[in-house]
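I opened a fresh notebook page for this one. Below is what I looked up, in the order I got to it.

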Amino acid sequence: MSCYDRRDLGLLLLRLGTGGVLAAHGTQKLFGWFGGHGIEGTGRFMESVGYAPGRASATAAGLAETGGGALLALGLGTPAAGAAAVGAMAGAAAVHVPNGFFAQEGGYEYAATLGLAAAGLAVAGPGRLSLDHALGHVFDRGWMVPAALGVTAAVTAAVVGARNCRVRRTAEEAAGAQDALFEQ
């Protein structure tokens, strides 16, 4: 029988808290639980902030948050679970960057905090009070950490980059239409 130490307990608390918040947040998108808007409402919101198609974006974000959060809480597939959550939070942070850092001003503080906690868990591992440990770390190998975070970084960069181009193009079109009104 092994003795659990404070590192194991700390990782358990961090996993349960971060994973629980992420999973709850994702179920708002997927199912409309906890006052969320479900796929349809979240899809419309995603379209309005430049993520298109909106329904697919809402589904992807909801699955990454719900699945990544639940797996983090369980300590199962920790590298992939953490990476999925990091990608979702990077996408959320991109929307809030124009508002500055602090959440009270609509900034990216909340998304960054959840993303950094998920990244830290992906790197540190789940600890001994986890399903990964109970299963012999079959889904938590050292090589999986850079692989999961690298793939997530590439996909997130492409998705956020496309979103930023859409937002910029929409702003330019709106400015052009406004200029045309004043020329008449």
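Which residues in H2 are buried? I went through the helix and got Gly 38, Ile 39, Gly 41, Thr 42, Gly 43 and Met 46. One thing to keep in mind for every entry: this is a predicted model.

**Entry: around H2**

I wanted to know what those residues sit against. The buried residues of H2 pack against H1 and H3. Glu 40 is another story: its relative accessible area is 47%, so I put it down as partly exposed.

Glu 40 also has a charged partner. Its side chain meets that of Arg 55 in a salt bridge, at 2.0 Å from N to O. Glu 40 belongs to helix H2 (residues 38-48) and Arg 55 to helix H3 (residues 54-74), so this bridge ties together parts that are 15 residues apart in sequence. Arg 55 is partly exposed as well, at 48% relative accessible area.

Then I checked the backbone after the helix. Gly 50 follows H2 and has a positive phi, near 100 degrees. A bit further on I found a cis peptide bond between Ala 52 and Pro 53, with omega at about -10 degrees. I placed Pro 53 in the loop between H2 and H3.

**Entry: salt bridges**

How many salt bridges does the structure hold? I get four. As a reminder to myself, side chains of opposite charge can pair when their charged atoms come close.

Apart from the Glu 40 and Arg 55 pair, I looked at what Arg 128 does. Asp 5 forms a salt bridge with Arg 128, and their closest N and O atoms are 3.7 Å apart. Asp 5 is in the segment before H1, while Arg 128 is in the loop between H5 and H6, so the bridge ties together parts 123 residues apart in sequence.

Arg 128 forms a salt bridge with Asp 8 too, and here the closest N and O atoms are 2.6 Å apart. This pair again links distant parts of the chain, with Arg 128 in the loop between H5 and H6 and Asp 8 in helix H1, 120 residues apart. I noted the upshot: Asp 5, Asp 8 and Arg 128 are linked in a network of salt bridges.

Are the members of this network buried or exposed? I had to look up each one. Asp 8 has 2% relative accessibility, so it counts as buried. Asp 5, at 36%, counts as partly exposed. Arg 128 is partly exposed with a relative accessible area of 26%.

**Entry: a charge without a partner**

Next I went to Asp 132, which is in helix H6 (residues 131-134). What is the nearest side chain of opposite charge to Asp 132? It is Arg 15, and that is 7.3 Å away. A salt bridge would need the nitrogen within 4 Å of the oxygen. Asp 132 is buried, yet it has no salt bridge.

I listed what Asp 132 does touch, leaving out residues up to four places away in sequence. Its contacts are Gly 75, Leu 76, Gly 77, Thr 78, Pro 126, His 137, Phe 139 and Asp 140.

**Entry: H1 against H5**

Arg 15 turned up again when I looked at how two helices pack. Helix H1 (residues 6-31) and helix H5 (residues 109-124) pack at an angle of about 135 degrees, and their axes are 10 Å apart. That angle makes H1 oblique to H5. H1 passes H5 in a left-handed crossing.

Which residues make the contact? From H1 I wrote down Arg 7, Leu 11, Leu 14, Arg 15, Thr 18, Val 21 and Leu 22. From H5 they are Tyr 110, Leu 114, Ala 117, Ala 118, Leu 121 and Ala 124.

**Entry: positive phi outside glycine**

I picked up two of these. Phe 34 is not a glycine, but its phi is positive, about 55 degrees. Phe 34 is in the loop between H1 and H2, and with a relative accessible area of 60% Phe 34 is exposed.

His 137, one of the contacts of Asp 132, has a positive phi of about 60 degrees although it is not a glycine. I found His 137 in the loop between H6 and helix H7 (144-183). His 137 is partly exposed, at 24% relative accessible area.

Definitions and conventions: Residues are numbered from 1 along each chain as its sequence is written. This is a predicted model: local features need pLDDT of at least 70, side-chain atom pairs count only at pLDDT 80 or more; totals for chains, interfaces and linings use all residues. Side-chain values use heavy atoms; hydrogens and water are left out. Helices (H or I, at least four residues) and strands (E, at least two) are DSSP runs, numbered from the N terminus. Buried means under 20% relative accessible area, exposed over 50%, partly exposed in between (1.4 Å probe, protein chains only). Lys and Arg count as positive and Asp and Glu as negative; His and the chain ends are not counted. Contact means heavy atoms within 4.5 Å. Axes are lines fitted to C-alpha atoms, for helices over the stretch in contact, and angles run from 0 to 180 degrees between N-to-C directions. Angles under 35 degrees count as roughly parallel, over 145 as roughly antiparallel, 65 to 115 as roughly perpendicular and the rest as oblique. A crossing is left-handed if the near helix is turned anticlockwise from the far one by less than a right angle, and right-handed if clockwise.
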